[in-house]
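Please keep the chain in view while reading this note, and check each point against it. The points are meant to be followed in order.

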Amino acid sequence: MKKSFLIGIPVRDFENPMSRLSNIMSKDERVNLSKGLIINLINVFSMTKTDVYVISNNNKVKLFCEENGINIFESSQNDLNNEIKEFISKNDNYENWSIVHGDLPYITKHFARIWINLCESKSMLIAASKDNGTPIFGGSKKYNNFLYGRNSFIKHTSSMEKENINYERVFHKELYFELDDEEDYSEFIKHQPRWYRKNLNT
């Protein structure tokens, strides 16, 4: 069955993930948390209509994906934005697409379905993190001008406005809350998602 929805999850490496949490978590703890986040995102976005890929050039990430049966897209580029652009351009036969940050802890199957249904019905959807990043981005319109980095939400929306692309911002906390700093982690520990509690008990 031909899939209609492409999802990419960029993952740089496991060398020093979630570095802003290094004062309260060891490297091994951060690596394990990062892997748990990725596996949850793969699980919740895996549906009959979706193809889900991790986007990375890192050998440890590649091995992790192979061990867990996760599709990986190995880009010939090194810069994040160019990696995503190559991923999108080489997979342009899908009707809908989305780029999802790997540190979104609260996306469940329910909210993954909401996001996918919204993307199928809208030209462009985007969320903003508390520091004006772009935790999740997608839609039904072709787009390949990714501007991740500092203030990427502002850069993306400005770019779309210049190109006269209609977009809508989503405000579901589950789609924009990122595990980015110690304050986020404190909230995460107070409100642990099911996948995380399950991992603690195994």
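1. Both faces of strand β1 are covered in this predicted model: Phe 5, Ile 7 and Ile 9 are buried on one side, and Leu 6, Gly 8 and Pro 10 are buried on the other. Since six of the six residues of β1, which spans residues 5-10, are buried, the strand is largely enclosed by the rest of the structure.

2. Which strands does β1 pair with? Strand β2, made of residues 50-55, runs parallel to β1 and is joined to it by six bridges, while strand β4, made of residues 96-100, also runs parallel to β1 and is joined to it by four bridges. Gly 8 is a useful residue to look for here, as it stands opposite Tyr 53 in β2 and opposite Ile 99 in β4.

3. Helix α1 belongs with two of these strands, for β1, α1 and β2 together make a right-handed β-α-β unit. The helix covers residues 27-45, and its length can be checked by simple reasoning: at 1.5 Å a residue, its 19 residues should span 27 Å, and the C-alpha atoms at its ends are 27 Å apart, which agrees. Among the buried residues of α1 are Leu 33, Leu 37, Ile 38 and Leu 41, but also Arg 30, Ser 34 and Asn 40.

4. Where do the buried residues of helix α6 lie around its axis? The helix is made of residues 182-190, and those buried are Asp 184, Tyr 185 and Phe 188. Seen down the axis of α6, the buried residues fall within an arc of 100 degrees, so they line one face of the helix. On the other side of α6, Glu 183 and Lys 190 are exposed, whereas the cover over the buried residues includes α1 and α7, the latter being residues 194-200.

5. The N-terminal end of α6 deserves a separate look, because Asp 181 caps it, with a side-chain oxygen 3.2 Å from the backbone nitrogen of Glu 183.

6. His 101 sits in the loop between β4 and α4, the latter being residues 109-121. What does His 101 touch, once its neighbours within four places in sequence are left aside? The residues in contact with His 101 are Ile 9, Leu 41, Thr 134, Pro 135, Tyr 148 and Glu 178. His 101 and Leu 175 are 74 residues apart in sequence, and their C-alpha atoms are 9.8 Å apart in space.

Note on methods. Residues numbered from 1 in each chain as written. Predicted model: local features only at pLDDT ≥ 70, side-chain atom pairs only at ≥ 80, totals over all residues. Heavy atoms only, no water. Helix = DSSP H or I, 4+ residues; strand = E, 2+ residues; numbered from the N terminus. Expected span 1.5 Å × (residues − 1). Buried < 20%, exposed > 50% of the residue type's maximum accessible area, 1.4 Å probe, protein only. Pairing = 2+ DSSP bridges. Right-handed = clockwise from strand over helix to strand, strands pointing away. Arc of directions from axis to C-beta. Contact = heavy atoms within 4.5 Å. Polar contact = N/O pair within 3.5 Å; in protein donor to acceptor, adjacent residues only side chain to side chain.
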